[in-house]
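Here is a quick tour of a few spots worth looking at while you have the sequence and the model open. Take a look first, then read on.

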Amino acid sequence: MRDKVPEQIKGKITISTLAQMSGVSRATVSRVLNDHASVNAEAREKVMAAVKASGYCRTLPRQRIALRFNQVTIISDEHPPFVEGSYLDVILRVLRDEGEHLGISCNFVGRDLALDRKRLAEILAQAQAVIVVGSDNLELINQIKQYDLPTIIFNGSDPKMELNSLCPDSENGMMLMGNYLMAQGHTKACILNAHIKHAMRERSYGFARAFDEAGVPFNRNRQIIDLCEIAPKVDPTGELYHSLMSRQGGVDFGASKMLPYLLDHNYFEGMTAIACVCDATAISLIKALQERGLRVPDDISVTGFDDIVLASMMTPALTTIHIDFQNMAKTAFSMLIRSASGSLPMPVRAYSAVSIKERASVRNLKA
């Protein structure tokens, strides 16, 4: 116990303190603490008795990982990021800020270069490390793999799970939203989605799972509205569908072009709430509803996913799933640095926690 420590050596317990208490040298104490076999049993017993009596807690040295690059190439094959407040804009900002904090410069490679295999090859040949943003494009990922660079996919995934990836938890996030809407009395709710990549499908799975686990009837054919299935109906030429599948549908996944069709054909008939795949889609939906004279949330509730800046500034302010992109950026760089140092023994597929940001776009039907 600490009260057995001699009065003259009370205070911070150090190796010198233990040496004085046990009557041995500091070197002997150090060898005991490091479990060296060279220490005789009697000395070991004295030191361990001093450790127990003093309550000494050894502080392990902090592991330092050498920074093996000072530049990272950020690649995105999605729509142009230059839309103020879009989720991709937010991601690029937080990655740039975290890179600057670490003394790492960030170079952005957009869609025009990401899909030009020859130019991308030239860029990758000079790259030190890579962050791929928002993609699970296997052709793009396979080309990056050829260069054996420290790589992480941010807000996307490698279908073959050979590269590190970090995503917000889409499935559980939309399950949270489903449970939240049911708690507000919305047992008739649908999800407006675009199944163009894995994370988007996860959001539909999570939303349906919330209703299934609550024992509330859920008609997948009616309550999961996939814009990829609607596009050919709106534009039989296939151009709209192609733009959506090739990531050129826009930040709202082409919703603004398809919402008139959805409203005209009563896709939301009988629904009291619509959960959107992202905030941009929700913003387009609210605008389309208001143009038809429908009020949000009085006539129908709408939610989003991402919590971009505009979500809190619009009228009504949007209830959404909040993603902590800033801490995701810190985690992404940490994983990238560990990957470069070889301290990640295998590819890691990680999910970050999300939460509901409750605002004014959902009506409580139970109130």
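What follows walks through two helices, a leucine, and a handful of rings and charges. Keep in mind that this is a predicted model.

**Helix H4**

Let's start with H4, which covers residues 87-102. Its 16 residues should span 22 Å at 1.5 Å a residue, and the end C-alpha atoms are 23 Å apart, so the two values agree. Which residues of H4 are buried? They are Tyr87, Leu88, Asp89, Val90, Ile91, Leu92, Val94, Leu95, Glu98 and Gly99. As for what they pack against, you'll find strands S1 (71-75), S2 (105-109), S3 (130-133) and S4 (151-154), along with helix H16 (325-341). Just after H4 comes Gly103, with a positive phi of about 80°.

**Leu120 in H6**

Next up is Leu120, which belongs to helix H6 (residues 117-126). Leu120 counts as buried because its relative accessibility is 0%, and the cut-off is under 20%. Leaving aside neighbours within four places in sequence, Leu120 touches Ile75, Val109, Leu113, Ala114, Leu140 and Gln143. Take Val109 from that list: it sits eleven residues from Leu120 along the chain, and their C-alpha atoms are 8.5 Å apart.

**Glu202 in H9**

Now hop over to helix H9 (residues 198-214), home of Glu202. This glutamate is buried, yet it has no salt bridge. Why not? The nearest side chain of opposite charge, Arg349, is 5.9 Å away, and a salt bridge needs the atoms within 4 Å, so this pair doesn't qualify. Beyond its neighbours within four places in sequence, Glu202 is in contact with Ser170, Glu171 and Tyr351.

**Rings and a charge**

How many aromatic pairs does a search of the whole structure find? Four. One of them joins Phe211 and Phe218 in a tilted arrangement, with 5.1 Å centre to centre and 35° between the planes. Ring pairs also bring in Phe207, linking Phe207, Phe211 and Phe218 into a cluster. Here's how accessible two of those rings' residues are:

| Residue | Relative accessible area | Class |
|---|---|---|
| Phe211 | 0% | buried |
| Phe218 | 12% | buried |

Both values are under 20%, so Phe211 and Phe218 each count as buried.

One more ring to check out is that of Phe305: the charged end of Arg203 sits over it, 3.7 Å from the ring centre.

Methods
Residues numbered from 1 in each chain as written. Predicted model: local features only at pLDDT ≥ 70, side-chain atom pairs only at ≥ 80, totals over all residues. Heavy atoms only, no water. Helix = DSSP H or I, 4+ residues; strand = E, 2+ residues; numbered from the N terminus. Buried < 20%, exposed > 50% of the residue type's maximum accessible area, 1.4 Å probe, protein only. Lys, Arg positive; Asp, Glu negative; His and termini not counted. Contact = heavy atoms within 4.5 Å. Phe/Tyr/Trp six-rings, centres within 6.5 Å; stacked < 30°, edge-to-face > 60°. Lys NZ or Arg CZ within 6 Å of the ring centre and 35° of its normal. Expected span 1.5 Å × (residues − 1).
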